[in-house]
Amino acid sequence: ISSCPFRPVYWLGNDTLRVSAALFLENRRRLCQGLKVKDGLVPKSVVLLQGGEQSQRYCTDTDVVFRQESFFHWAFGVTEADCFGAIDVDTGKSILFVPKLPESYATWMGEGQNTDSGSICREASFEGISGYVYVAVICINMIHLYFRLVKTDMELEVLRYTNRISSDAHKMVMKNVTPGKKEYEMESLFQHYCYSKGGMRHTSYTCICGTGNNSSVLHYGHAGAPNNKTIEDGDMCLFDMGGEYYCYSSDITCSFPANGKFTADQKAIYEAVLKSSRAVMAALKPGVKWTDMHRLADRVHLEELVKIGILHGNVEDMLKVHLGSVFMPHGLGHLLGIDVHDVGGYPEGVERVDEPGLRSLRMGRLVEERMVLTVEPGIYFIDHLLDKALADPAQSCFINNEVLARFRGFGGVRIEDDIAVTANGMELLTCVPRTVEEIEAFMADSGKTFSPAASAEKA
Ligand SMILES: [Mn+2]
């Protein structure tokens with residue numbers, strides 16, 4: 001593969017992105033370079049990786065739509081199931097083994113735990129593999145903890161593409177939302193746009209199409225709540241959807257009123273979240289702590305909730321009792337790449353901060369150039385969290401319950417963008433209407449297109 005003269009590309013025709021196989025050659029080259037300087041590497045080492053296996057629906061012979069295993073994809077970019085790949089560390093030469101494999105080949109579960117999901121990834125195995133196990137373990141760790149964390153130029157190009165198509169799909173959905181339609185119609189429209197225009201067979205995760213009070217259910221859309229409510233006049237919509245191209249993800253949330261016009265309360269909450277989002281983006285650069293970015297978003301939310309009248313008192317004192325996590329119980333954002341919650345957020349020695357909100361953060365390390373992250377602050381009115389806060393004198397003393405009562409059933413607002421960290425700041429990859437004025441103008445005029453010029457660049 002490494003010496004192939006034909007410059008193969010992955011391409012689905014029409015206007016879809018051409019991704020050169022050189023992207024994966026570069027990834028394997030980086031891996032070999034990293035392994036060569038590693039202490040204890042035995043000469044003539046070979047890295048052997050096992051690709052994803054085709055599975056069936058329960059006991060039937062119906063195939064589940066295949067999606068490649070992420071480490072294997074990172075190294076080989078192969079879309080077919082049941083492959084093995086080998087890389088000679090000294091020469092960088094790669095060999096791909098395609099099915100059918102002899103039955104004597106067996107697999108076993110090895111090290112290389114996903115620091116985000118806690119799940120174990122698989123290492124390849126065959127008779128006589130014992131001498132190769134050491135290199136396999138350090139190899140998985142290196143891909144895991146470093147190489148998938150920082151993106152190459154070629155990877156960034158694919159992530160820009162997934163964001164462009166998914167942003168356009170969100171805009172198409174916004175144009176089509178009207179009270180009376182079902183939430184799942186919006187999910188279906190998004191998927192249709194991503195696949196038909198962008199060649200994206202998969203979404204990066206289950207679509208979340210929450211309207212009304214459902215917009216405060218953080219992972220709405222699962223099998224128990226499958227986006228099946230009728231959208232009503234006056235609802236806020238919170239649509240969290242991202243398409244995936246050639247295994248590279250996107251993760252975007254748009255929040256807007258179903259009828260296209262914000263009420264005063266909806267505008268106030270929306271603009272509070274937009275303010276924290278843009279404050280984080282203005283502060284983001286290599287070297288900052290992701291936990292500090294989360295705290296910054298909490299602080300802006302609390303300041304704005306005081307202005308709205310839901311809270312009263314000193315914001316510093318509110319931070320001490322973690323009042324921010326009552327309104328934003330999830331983390332500010334996470335790494336993004338081949339997986340939507342990409343690997344490498346907690347290397348050895350970096351511990352989760354055990355505080356409300358912060359303990360949900362999927363990344364604890366310092367921000368580095370070429371990381372791709374989501375910035376996704378939100379304010380939600382979740383009854384059981386509000387009731388718990390009201391029952392706690394340390395928190396209830398800051399809450400104006402009369403004003404808060406008006407927001408019960410409001411749901412929530414989340415604004416989620418994908419960004420790439422640059423040498424001295426960040427690049428915004430997502431391009432959708434974001435200010436109240438942009439959203440209202442965009443939804444009011446069915447013929448109007450949204451120009452990215454005003455919002456894509458960091459101020
Ligand atoms: Mn996300």
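In what order do the strands of the open sheet of 3 strands lie? The order is S9-S10-S12, with antiparallel pairing. The legends below describe close-up views of a predicted model.

**Figure 1. Overall composition of the predicted protein model.** The secondary structure of the protein amounts to 13 helices and 17 strands. Of its 459 residues, 52% are buried. Among contacts between residues at least 6 apart in sequence, 71% join residues at least 24 apart.

**Figure 2. The open sheet S9-S10-S12 and helix H5.** Strands of a sheet pair through backbone hydrogen bonds, either parallel or antiparallel. In this open sheet of 3 strands the pairing is antiparallel. Strand S9 (208–211) and S12 form the edges, each pairing on one side only. Neighbouring strands are turned against each other by 10 degrees on average, direction ignored. Strand S10 (residues 236–241) pairs with S9 in the antiparallel sense over 4 bridges, and Thr-211 stands opposite Cys-237 in S10. Helix H5 (residues 183–198) lies across S9 and S10 and runs at about 150 degrees to S9.

**Figure 3. The manganese ion and its protein donors.** Four residues supply the donor atoms: Asp-251 (OD), His-334 (NE2), Glu-376 (OE) and Glu-416 (OE), at 2.1 to 2.3 Å from the ion. Along the sequence these donor residues follow the spacing D-x82-H-x41-E-x39-E. Asp-251 belongs to the loop between strand S11 (243–244) and strand S12 (252–257), and Glu-376 to the loop between strand S13 (372–375) and strand S14 (378–380), so the pair ties together parts that are 125 residues apart in sequence. Asp-251 is buried, because its relative accessible area of 3% falls under the 20% limit. Glu-376 likewise counts as buried, at 9% relative accessibility.

**Figure 4. The surroundings of Ser-166 in helix H4.** Ser-166 lies in helix H4 (residues 153–176) and is buried, with a relative accessible area of 0%. A polar atom of the Ser-166 side chain lies 2.8 Å from the backbone oxygen of Thr-162. The side chain of Ser-166 also makes a polar contact with the side chain of Ser-250, at 2.8 Å. Leaving out residues up to four places away in sequence, Ser-166 touches Phe-190, Cys-194, Met-200, Gly-242, Gly-243, Ser-250 and Ile-252.

**Figure 5. Aromatic ring pairs, including Phe-327 with Phe-381.** A pair of aromatic rings is described by the distance of the centres and the angle of the planes. The count comes to 12 aromatic pairs. The ring centres of Phe-327 and Phe-381 are 6.1 Å apart and their planes stand at 75 degrees, so the pair is edge-to-face. Phe-327 lies in helix H9 (residues 324–327), whereas Phe-381 lies in the loop between S14 and helix H10 (383–390), so the pair ties together parts that are 54 residues apart in sequence. Phe-327 and Phe-381 are both buried. Ring pairs also link Tyr-10, Phe-24, Tyr-161, Tyr-245 and Tyr-246 into a cluster.

**Figure 6. Phe-398 and Gln-395, with their contacts.** Phe-398 is located in the loop between helix H11 (393–396) and helix H12 (401–405), and at 10% relative accessibility Phe-398 counts as buried. Although Phe-398 and Val-306 are 92 residues apart in sequence, their C-alpha atoms are 9.1 Å apart in space. Apart from residues up to four places away in sequence, Phe-398 touches Ile-310, Leu-311, His-312, Gly-313, Asn-314, Asp-317, Met-318, Val-321 and Leu-323. Gln-395 is found in helix H11 and counts as buried at 10% relative accessibility. Excluding neighbours within four places in sequence, Gln-395 is in contact with Val-321, His-322, Leu-323, Val-326 and Ala-389. Val-321 and Leu-323 thus appear among the contacts of Phe-398 and among those of Gln-395.

**Figure 7. Val-403 in helix H12.** Val-403 lies in helix H12 and is buried, with a relative accessible area of 15%. The C-alpha atoms of Val-403 and Gly-309 are separated by 6.6 Å, while the two residues are 94 residues apart along the chain. Not counting residues up to four places away in sequence, Val-403 touches Ile-308, Gly-309 and Ile-310. Ile-310 is also one of the residues touched by Phe-398.

Technical notes. Residues are numbered from 1 along each chain as its sequence is written. This is a predicted model: local features need pLDDT of at least 70, side-chain atom pairs count only at pLDDT 80 or more; totals for chains, interfaces and linings use all residues. Side-chain values use heavy atoms; hydrogens and water are left out. Donors are N, O and S atoms within 2.8 Å of the metal (3.2 Å for Na, K and Ca); water is not among the atoms, so sites may look incomplete. Helices (H or I, at least four residues) and strands (E, at least two) are DSSP runs, numbered from the N terminus. Buried means under 20% relative accessible area, exposed over 50%, partly exposed in between (1.4 Å probe, protein chains only). Two strands pair if DSSP finds at least two bridges between them. Axes are lines fitted to C-alpha atoms, for helices over the stretch in contact, and angles run from 0 to 180 degrees between N-to-C directions. Contact means heavy atoms within 4.5 Å. A polar contact is a pair of N or O atoms within 3.5 Å; within protein, one must be able to donate a hydrogen and the other to accept it, and residues adjacent in sequence count only if both atoms are side-chain atoms. Rings of Phe, Tyr and Trp (its six-membered ring) pair if their centres lie within 6.5 Å; planes under 30 degrees apart count as stacked, over 60 as edge-to-face and the rest as tilted.
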